[in-house]
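Take a moment with the sequence and the structure below. The text after them moves from the surface to the core, and then to the charged pairs.

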Amino acid sequence: MRKSRFSDEQMVAILREAERTSVAEVAKKNKVSEQTIYAWRQHFGGLEPADVKRLKALTTENAKLKKLLAERDLEIEVMKEINRKKW
């Protein structure tokens, strides 16, 4: 996926600015297309910049927890396989 030149917080700030003025003005000022602003609006909805930081932190924490869970499940399966065999 292509990296944006704007951070998520900047995108939300631009969206908040677009709510106060017209989308065309904000798009021209920030050198993005109007379609981009509408796509950001769909993606970020009613989030505030602080909410975006929290969402990003929760997403990374969730990924770590999923990885730990997968490793634990793998260890349990290995232990079950060892217990099935008669040594």
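A residue counts as buried under 20% relative accessible area, as exposed over 50%, and as partly exposed in between. Take Val78 as a trial case in this predicted model. Its relative accessible area is 43%, so Val78 is partly exposed. Val78 sits in helix 4, which covers residues 49-84. It belongs to a nonpolar patch on the surface, together with Leu74, Met79 and Ile82. The accessible area of these four residues together is about 390 Å².

Now turn inward. In soluble globular proteins, nonpolar side chains tend to be buried together. Here the largest nonpolar core holds 14 residues. Phe6, Ile14, Val32, Ile37, Trp40 and Phe44 have the most contacts inside this core. Three elements give two or more residues to the core: helix 1 (8-20), helix 2 (23-30) and helix 3 (34-44). Helix 1 gives the most, with five residues.

Phe44 shows what such a place in the core looks like. Set aside its neighbours within four places in sequence. Phe44 is then in contact with Asp8, Met11, Val12, Leu15 and Val52.

Two other core residues, Phe6 and Trp40, also deserve a look. A search of the whole structure finds one aromatic pair. The partners are Phe6 and Trp40, with ring centres 5.5 Å apart. Their planes stand at 75°, and planes over 60 degrees apart count as edge-to-face, so this pair is edge-to-face. The pair links distant parts of the chain. Phe6 lies in the segment before helix 1, Trp40 lies in helix 3, and 34 residues separate them. Are these two residues buried or exposed? Phe6 has 14% relative accessibility, so it counts as buried. Trp40 has 10%, so it counts as buried too.

Charged side chains come next. Side chains of opposite charge can pair when their charged atoms come close. How many salt bridges does the structure have? The count comes to five. Three of them are followed here, including one between helices.

Start with Asp8, already met as a contact of Phe44. Asp8 forms a salt bridge with Lys56, and the closest N and O atoms are 3.9 Å apart. The cut-off for a salt bridge is 4 Å. Asp8 lies in helix 1 and Lys56 in helix 4, so the pair ties together parts that are 48 residues apart in sequence. Both partners are partly exposed, because Asp8 has a relative accessible area of 26% and Lys56 has 41% relative accessibility.

Next, stay within helix 1. The side chains of Arg16 and Glu19 meet in a salt bridge, at 2.5 Å from N to O. The two are three residues apart in helix 1, so about one helical turn separates them. Their surroundings are unlike in accessibility. Arg16 counts as buried because its relative accessibility is 11%. Glu19 counts as exposed because its value is 54%.

Finish in helix 4, the helix that also holds Val78. Here Arg84 and Glu81 join their side chains in a salt bridge, at 2.9 Å from N to O. They too lie three residues apart, about one turn of the helix. Arg84 has 55% relative accessibility, so it counts as exposed. Glu81 has 38%, so it counts as partly exposed.

Methods. Residues are numbered from 1 along each chain as its sequence is written. This is a predicted model: local features need pLDDT of at least 70, side-chain atom pairs count only at pLDDT 80 or more; totals for chains, interfaces and linings use all residues. Side-chain values use heavy atoms; hydrogens and water are left out. A nonpolar core is a set of buried Ala, Val, Leu, Ile, Met, Phe, Trp, Tyr and Cys residues joined through side-chain atoms within 4.5 Å. Buried means under 20% relative accessible area, exposed over 50%, partly exposed in between (1.4 Å probe, protein chains only). Helices (H or I, at least four residues) and strands (E, at least two) are DSSP runs, numbered from the N terminus. Contact means heavy atoms within 4.5 Å. Patches are made of residues with over 30% relative accessible area and no salt bridge: like charges are joined within 9 Å, nonpolar side chains (Val, Leu, Ile, Met, Phe, Trp, Tyr) within 5 Å. Accessible areas come from the Shrake-Rupley method with a 1.4 Å probe; for residues, only the protein chains shown count as cover. Rings of Phe, Tyr and Trp (its six-membered ring) pair if their centres lie within 6.5 Å; planes under 30 degrees apart count as stacked, over 60 as edge-to-face and the rest as tilted.
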